[in-house]
Amino acid sequence: MAINTTSYGVPPGLEYLLQIDHIMIQQQFEFVEAILGFETANQYKIKDILGQKVYYAAEDFNFLTLNCCGAIRPFTMRIFDNSGREVITLRRPLRCDCCCCPCCLQQIEIQAPPGVPVGYVIQTWHPCRPKFTVQNEEKQDVLKIIGPICVCNIGGSIDFEIKSLDEEFVVGRISKHWSGILKEVLTDVDNFGIQFPLDLDVKMKAVMLGACFLIDFMFFESGGGQRPKLFW
């Protein structure tokens, strides 16, 4: 299958993404959240397949939205390179979290550099399974992301497949990895892996990062002292 992978310029700070086809995201453990039950801003380490940190992500802190809106909260996630420069900004608005309502569904905007949109991930309504449409900076559909009917797999990975627009070809996946029984039961600390074609447009690779964070918040993030949702 032919994928449009032409890059019309690499945003500053994303050069490293040109060299890789796999990236790992590890959410950092928050002691206060685990012990007291108060929601805290999420932080993540983003590593290559060798375990070397290439980026660091931090959610903007707002106590009111963190603890009143929980997992459906709007957020701005800032991604920094190893020099501390912000290279990607993710913005998720407050939208409907009910799968029975086909309007105002979830979405996220990816900016690289900050202030310059390079793509969007838009939830597509489906009665049984998670589905998303990936768009470029011109809001043209590029790829699809399709998850399983049940987003629960004790001891194994949960895969969201990245597919062609006609959904005939799998070109990658976003996988939520099992973190161990204690972490899964007592915390909402999650580990993800993203696989994509090596020659995929680097902007689309950044958009896949945004898709991963949206999926984390929608299906695996807790709020108000509750465990994450297990079913769509």
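Which strand is the place of Val142? Select residues 141–146 and you have the answer: Val142 sits in strand β9. Keep in mind as you go that this is a predicted model.

**Stop 1: Val142 and its surroundings**

Stay on Val142 and show its surface. Its relative accessibility is 24%, so Val142 counts as partly exposed. Now show what Val142 touches, skipping residues up to four places away in sequence: Val134, Gln135, Asn136, Leu165 and Met204. For a distance to display, pick the C-alpha atoms of Val142 and Gly119; they are separated by 9.6 Å, with these positions 23 residues apart along the chain.

**Stop 2: the whole fold**

Zoom out and switch to a cartoon. You should be looking at 4 helices and 12 strands. The protein has 232 residues, and 47% of them count as buried. Among contacts with a separation of 6 or more, 45% are between residues 24 or more positions apart.

**Stop 3: the largest nonpolar core**

Next, select Ile46, Ile79, Ile88, Ile145 and Ile174. The largest nonpolar core has 50 residues, and these five isoleucines touch the most other members. Then colour helix α4, residues 202–220: this helix supplies the largest share of the core, 15 residues.

Centre on Ile79 and bring up its contacts, leaving aside neighbours within four places in sequence. Ile46 and Ile88 are both in contact with Ile79. The aromatic partners include Tyr55, Tyr56 and Phe213, and Arg85 and Glu86 are also on the list. Ala57, Val87, Leu90 and Leu209 complete the set.

**Stop 4: strands β5, β6 and β7**

From Leu90, move to strand β5, residues 86–92. Strand β5 runs antiparallel to strand β6, residues 107–111, and 3 bridges join the two. To see one facing pair, select Leu90 and Ile110; Leu90 stands opposite Ile110 in β6.

On to strand β7, residues 117–124. β6 and β7 are also antiparallel, joined by 5 bridges. Select Glu109 and look across to Tyr120, its bridge partner in β7. Then follow the hairpin of β6 and β7 around its turn: there are 5 residues between the strands, and Gly115 takes a positive phi near 95°.

As you step along any of these strands, one general point may help: in a regular strand the side chains alternate between the two faces of the sheet.

**Stop 5: a buried lysine**

Select Lys47, in strand β2 (residues 43–47). What is the nearest side chain of opposite charge to Lys47? That side chain belongs to Asp48, 8.6 Å away; Lys47 is buried yet has no salt bridge. Look instead at Gln26, whose side chain makes a polar contact of 3.0 Å with the side chain of Lys47. Gln26 is also one of the residues in contact with Lys47 once neighbours within four places in sequence are set aside; the others are Ile23, Met24, Gln52, Lys53 and Val54.

**Stop 6: salt bridges**

How many salt bridges does a search of the whole structure find? It finds 7, and three of them make good stops.

Begin with Glu59 and Arg73, where the closest N and O atoms are 2.7 Å apart. The pair links distant parts of the chain, 14 residues apart: Glu59 is in strand β3 (residues 53–59), and Arg73 is in the loop between α2 (63–69) and β4 (75–81). Are these two residues buried or exposed? Both Glu59 and Arg73 are buried.

Now select Arg78 and Asp60, whose side chains meet in a salt bridge at 3.0 Å, N to O. Here Arg78 comes from strand β4 and Asp60 from the loop between β3 and α2, 18 residues apart. Arg78 is partly exposed, with a relative accessible area of 22%; Asp60 is also partly exposed, at 34%. Add Glu86 to the selection to see a network of salt bridges linking Asp60, Arg78 and Glu86.

Finish with Glu137 and Lys203, whose side chains meet in a salt bridge at 3.6 Å, N to O. Glu137 lies in the loop between β8 (131–136) and β9, while Lys203 is in helix α4, so this pair ties together parts that are 66 residues apart in sequence. Glu137 counts as partly exposed because its relative accessibility is 33%. Lys203, at 14% relative accessibility, counts as buried.

Methods
Residues are numbered from 1 along each chain as its sequence is written. This is a predicted model: local features need pLDDT of at least 70, side-chain atom pairs count only at pLDDT 80 or more; totals for chains, interfaces and linings use all residues. Side-chain values use heavy atoms; hydrogens and water are left out. A nonpolar core is a set of buried Ala, Val, Leu, Ile, Met, Phe, Trp, Tyr and Cys residues joined through side-chain atoms within 4.5 Å. Buried means under 20% relative accessible area, exposed over 50%, partly exposed in between (1.4 Å probe, protein chains only). Contact means heavy atoms within 4.5 Å. Two strands pair if DSSP finds at least two bridges between them. Lys and Arg count as positive and Asp and Glu as negative; His and the chain ends are not counted. A salt bridge is a side-chain nitrogen of Lys or Arg within 4 Å of a carboxyl oxygen of Asp or Glu. A polar contact is a pair of N or O atoms within 3.5 Å; within protein, one must be able to donate a hydrogen and the other to accept it, and residues adjacent in sequence count only if both atoms are side-chain atoms.
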